[in-house]
Amino acid sequence: MFTTFIGTPQSLTRSSKNGRTGGTLVSSSPESPQASVRPPSRPKRPQVAHACDWCRVHRVKCDNNLPCKNCQSRGWQCSNKGSNPNEARTLAQANRDIERLKQQVNELKEQLEEERNASNTAKLNASDSFSYLTPSTKASSPTDLNHTWDHVSTKKTWDGVHTSAGNSRQKVWYGPSSLFYFISRMNTYLTSALQQLHVDEHIQLNSVAKSFPTPDCSNPSDGQESPSQEPGKATTSGEFLTPTQEEYFLNLFWQSYHSSLLVLNELDFKEQYKSLWATPGKPRKPSALVDIVIAMSMQYGMASTPRSTTVSSDADTDDPTIAGRWYYRRCQSLLASELESPTISTLQCQILSVIYLCCASFQNMAHSTLALAVRTAQMLGLHSEPAETVPLADKEMRKRLYWSLYTVESKTCMKLGRPFSLGLSSTLCSLPSDDHTVAILAGSDFAPLGETVTWLSYNLHNTKLVLAARAIHTALYDKYSDVYNGAKGNVIYDDLEALERYADFLATTIKALDVWAQAVPGALKTKRERDGVALSTDRSPLDVERFAPLWLQRQRLLLELLYHNLAMNLYRPFILFPSAYTSLSPPYPTPVTQSHADSAVSHSMAITQIMHQMLTETDILNGWHEAFQWQWNASLTLAGYLFAYPNSSIADTVRKAADRAVAALEIFGRSFAAANSAAAVMRDLVMKVDFLTSKMSKSSVQVPDYVGGGNGLINSGAMIPTNEDNAAMQSMPVADITFCADSSNELEMLWAAMGNVPEEWGFNFGAG
């Protein structure tokens, strides 16, 4: 007799809930007509995911305990080193791991995007050091070092320009971020467009630096002896002040510079000044610090008071920008004896001397003085964190001094386009504090602005702004050699594809300025009318708080104007001037480059709007030399944009802003000659803009919205200058074919020289 499995209904087999169909052992004998139900099977033993090493080697059952039962009973060492406990053993577990990893990847992508959008300033600051020097730290032989520097020498650098900006004809170098470089590019375009040589000197100011080699107006080539430098001894012409006059100008310093340039403790200075008057009726003891403070105050005070007579465009010895020059000269004489053993006072004098020289338009002398101040700060150890034993007031004073120097040096080097002397890689000093306790110890009595904002907060946010701008500046110009290799042309403007990639890079880093703007407290922002936004380019009128103290109003304005000026300088290299195509193929589209050019002129218009309103409605910025220099910088950016994009959708708005810029410069011109000269130059540039725009409006060839590459000038088949023509133009005497912008009220000479220019001009955009 044999048996077999036959299927039975689930209800009879007591099958499990998982739906398995059970089977019963049924006899084939007729004596067993009904099937007997098989008892349920025994429970399945628990599965062990990972057997321990010993049980796996001996192939015995293990459990999930540690130590397992086998190892515990036999006294063996239970371990599981042979397998990864996180390793997926089943398909379901593998799928779960895959989903988990996908989620982590998505989270990391989101974090990376946030980092890019925020443009973490600390990360950008890391680029302050030269990345290509990193391999040298690993070099173990001269061969390695030579290889490193060979690599550096092959990098394509962005060459600047050599131009004469002072009294001497000697030319000095300015980098691509400087206004001088932009002027050179604009003159190159004007030379081609107007078929007349334009030299850089004709778009430069008639400042004191153009008339005299030094601020004291002495000229060594004349063979004249310098006046006596005995401390406290007035010259026959009475250059030094009486005690009452000195007190007046010292008080003016605390009302003007002190709240925006935190390098002095007011109480300490006043005590020191009082101690200098040891004998009544006798001159005070010499003090370099007192002298430079008086010189700066006289410079500002004379400029802030409009003259009763008309100011010419030629600077002379009575120009307010060199008022107090005898005090400046005596200060330098006294400092000479302190260079071997400098003090905090020495550094304070050097920083203030830099400001005096900048306001007098002696930019290169200021840069040299900055280098001396940097070394002095390092000699004093200010780049390191102050010791814990130093009193809090002195500790914070040292920090403010160092970061004030760092800020001034960064602004100057970015303005001139030159390498920095101070870097974050060698800076161990933390940023100064702005809390209420430190504000009280700072030595001045200013009202608090809120729970977390004091009169020191401006200095902190001003420093952070310069740090952010410098990080972007450094990253941008270090990136140049990675984007442009020199395969097309001599400069990046000859390779529009590279220029567009370069613009893309700036777009990823410039957002650091937006992050800074969002972090500025409301107490340091000037409100806007008509729901306008502070620290924006919406050009809405300012709503100046009527009863706010003057120092606070000036802090707010200076912070916003500096923001717009730094942003404008970062965007301005992407303004392209018209030139000819080198081929018949259409130019490479550059929408990001065009957007950056629009951003540059937007910040220029914001500066002009603010400056014009403040100069016509208030006296907050009257005589403020740095404000004038910002307006001059913005004015030339407006003119350059109009030359480059005459058919832009915002060209009409920019043209109106140019007229407003001329008006602002004329107001500054009531005080000093350089501003009068600037207004005259700007008027002539605007006339040339109008002339070229009218010529293009009559042309049948339309200017495209995009930009293209190439060199030279082209029209619709009429006039293409040859290399011989350009060479002849370059060899012609400057005096024969150019005119001084300051002495030209009409362009009759220019138009006469352009009598052979065809009516049909077609401009294309490209290298400029």
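I started with helices α10 (residues 266-275) and α11 (residues 288-304), whose axes come within 10 Å and cross at roughly 110°. Axes here are lines fitted to C-alpha atoms, for helices over the stretch in contact, with angles running from 0 to 180 degrees between N-to-C directions. That makes α10 roughly perpendicular to α11 (65 to 115 degrees counts as such).

Next I looked up who meets whom: Phe269, Gln272 and Tyr273 in α10 touch Leu289, Val290 and Val293 in α11 (contact means heavy atoms within 4.5 Å). By class, I get five nonpolar residues, one polar and no charged in this contact (Val, Leu, Phe and Tyr are among those that count as nonpolar, Asp, Glu, Lys and Arg count as charged, and the others as polar).

A note on the source: this is a predicted model, where local features need pLDDT of at least 70, side-chain atom pairs count only at pLDDT 80 or more, and totals for chains, interfaces and linings use all residues. Residues are numbered from 1 along each chain as its sequence is written, and side-chain values use heavy atoms, leaving out hydrogens and water.

Then I moved to Leu339, in the loop between α12 (325-335) and α13 (344-359). Buried or exposed? I found Leu339 partly exposed, at a relative accessible area of 39% (buried is under 20%, exposed over 50%, partly exposed in between, with a 1.4 Å probe and protein chains only). Leaving out residues up to four places away in sequence, Leu339 touches Gln350, Leu372 and Met379. Thr376 is 37 residues from Leu339 in sequence, yet their C-alpha atoms are 8.0 Å apart.

Last, I checked the whole protein: 49% of its 768 residues count as buried.

Key. Helix = DSSP H or I, 4+ residues; strand = E, 2+ residues; numbered from the N terminus. Parallel < 35°, antiparallel > 145°, perpendicular 65-115°, else oblique.
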